[in-house]
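Trainee: I've got a new one open and I'd like to talk it through. Can we go over it together, one bit at a time?

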Amino acid sequence: MAGNREFFNRRLHSLLGVIPVGLFLVQHLVVNHFATGGEESFNNAAHFMESLPFRIFLETFVIYLPLLFHAIYGLYIAFTAKNNTSRFGFFRNWMFMLQRVTGVITLVFVAWHVWETRVAAAFGAEVNFQMMENILSNPFMFWFYIIGVISAIFHFANGLWSFLVSWGITVSPRSQVISTYVTIGIFIALSIVGVRALTAFI
Ligand code: HEM
């Protein structure tokens, strides 16, 4: 019985990491990239997202609750997993450990980011280009955002690789090698999108 529940929780954790949390991450990075087109372009894109119907419902069920479950269960996995990189120096063991480390960094980053943007907005602040420009004009915050965004992207891209294995989609060694290259490509492409957006604010 306990084994069944563990299996179910693992599967749910894995699925939520991609749908909806991973998809939201990609969408969020694309909206932020509008900052490269200037202040007005970013504000229009951000305003469109804010004015979606059923915003609170969408945020709660598509973002907060799935992310909360994934993060809390992720912390449990991260601190109970056996990191065996010292015994086996293989690429996949390092990826296994980095998946956990970037999960914890992402949690700290996302908590802070939600606090200073979404929670601030609930108290009346306006989330726009100028707000991000102010935050990122501080060099410490700029590098905090760079590390946080790259960690989240690494975690998502490397997570996609293990998701494909967990769900029996990439079973053969050859398909796993191909998906390694594809997910490295996803990591590089999304990192360019994320870093370009951040530098557009300074
Ligand atoms: C931007 C937010 C996040 C996204 C897009 C995301 C995405 C993913 C994906 C796609 C996986 C792979 C699932 C699988 O192996 O089948 C995964 C795994 C994992 N995530 Fe996240 N995640 C996020 C945030 C977090 C946070 C905040 C934590 C908390 C520490 C976390 C901890 C973990 C852990 C430990 C694993 C490995 C699970 C395993 O190997 O069985 N994640 N994540």
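Mentor: Sure. When I say helix, I mean a DSSP run of H or I with at least four residues, and the helices are numbered from the N terminus. Also keep in mind that this is a predicted model.

Trainee: Then let me start with Glu40: which helix is it in?

Mentor: Look at the run covering residues 39–50, which takes in Glu40. So that residue belongs to helix 3.

Trainee: And is Glu40 buried or exposed?

Mentor: Exposed takes over 50% relative accessible area. Glu40 comes out at 61%, so it counts as exposed.

Trainee: How many Å apart in space are Glu40 and Phe129, C-alpha to C-alpha?

Mentor: Don't judge that by the sequence, where Glu40 and Phe129 are 89 residues apart. In space, C-alpha to C-alpha, the separation is 8.2 Å.

Trainee: On to the metal. Which residues coordinate the iron atom of the ligand?

Mentor: The UniProt entry, which is unreviewed, annotates His28, His70, His113 and His155 as "binding site". In the model, two of these coordinate the iron through NE2 at 2.0 Å: His70 and His155.

Trainee: How many residues apart is the pair?

Mentor: His70 sits in helix 4, which spans residues 55–80. His155 sits in helix 7, covering residues 139–166. The pair therefore links distant parts of the chain, with a separation of 85 residues.

Trainee: What is the site of the iron atom like, going by its angles?

Mentor: There are 6 donor atoms, with angles of 87 to 179 degrees among them. Six count as octahedral if opposite donors are over 155 degrees apart and all others between 65 and 115. The site is octahedral.

Trainee: Are His70 and His155 buried or exposed?

Mentor: The cut-off for buried is under 20% relative accessible area. His70 has 14%, while His155 has 17%. Both therefore count as buried.

Trainee: Which residue does the side chain of His155 join by a polar contact?

Mentor: Leaving aside neighbours within four places in sequence, His155 is in contact with His70, Gln99, Thr102, Gly103 and Thr106. On the same basis, His70 is in contact with His13, Leu16, Gly17 and His155. The polar contact from the His155 side chain is 3.3 Å and goes to Thr102.

Trainee: What relative accessibility does Ser151 have?

Mentor: Ser151 is another helix 7 residue. Not counting neighbours within four places in sequence, Ser151 is in contact with Thr102, Ile105 and Thr106. Ser151 counts as buried, because its relative accessibility is 7%.

Trainee: How far apart are the end C-alpha atoms over residues 142–165?

Mentor: UniProt, again in an unreviewed entry, lists residues 142–165 among its "transmembrane region" features, including 97–115 as well. Over 97–115 the chain is 100% helix, with end C-alpha atoms 28 Å apart. Residues 142–165 are also 100% helix with 0% strand, and the ends are separated by 35 Å.

Trainee: Helix 8 next: how many Å does it reach from its first C-alpha to its last?

Mentor: Helix 8 runs over residues 173–200, which makes 28 residues. At 1.5 Å a residue the expected figure is 40 Å, and the model is close to that, at 41 Å.

Trainee: Which helices do the buried residues of helix 8 pack against?

Mentor: Those buried residues include Ser175, Thr183, Leu190, Gly194 and Leu198. They pack against helix 2, helix 5, helix 6 and helix 7.

Trainee: Any odd backbone? Which peptide bond is cis?

Mentor: Most residues other than glycine have a negative phi, and most peptide bonds are trans. Phe54, in the loop between helix 3 and helix 4, has a positive phi of about 55 degrees although it is not a glycine. Pro20 is in the loop between helix 1 and helix 2. With omega near 10 degrees, the cis bond is the one from Ile19 to Pro20.

Trainee: Last one: which residues does Asn9 touch?

Mentor: Asn9 is in helix 1, and at 19% relative accessibility it counts as buried. Not counting residues up to four places away in sequence, Asn9 touches Phe69 and Tyr73.

Definitions and conventions
Residues numbered from 1 in each chain as written. Predicted model: local features only at pLDDT ≥ 70, side-chain atom pairs only at ≥ 80, totals over all residues. Heavy atoms only, no water. UniProt positions renumbered as here; feature names shortened; annotations may be inferred. Helix = DSSP H or I, 4+ residues; strand = E, 2+ residues; numbered from the N terminus. Buried < 20%, exposed > 50% of the residue type's maximum accessible area, 1.4 Å probe, protein only. Contact = heavy atoms within 4.5 Å. Polar contact = N/O pair within 3.5 Å; in protein donor to acceptor, adjacent residues only side chain to side chain. Expected span 1.5 Å × (residues − 1). Donors = N, O, S within 2.8 Å, 3.2 Å for Na, K, Ca; no water. Tetrahedral: all angles 85-135°; square planar, octahedral: opposite > 155°, others 65-115°.
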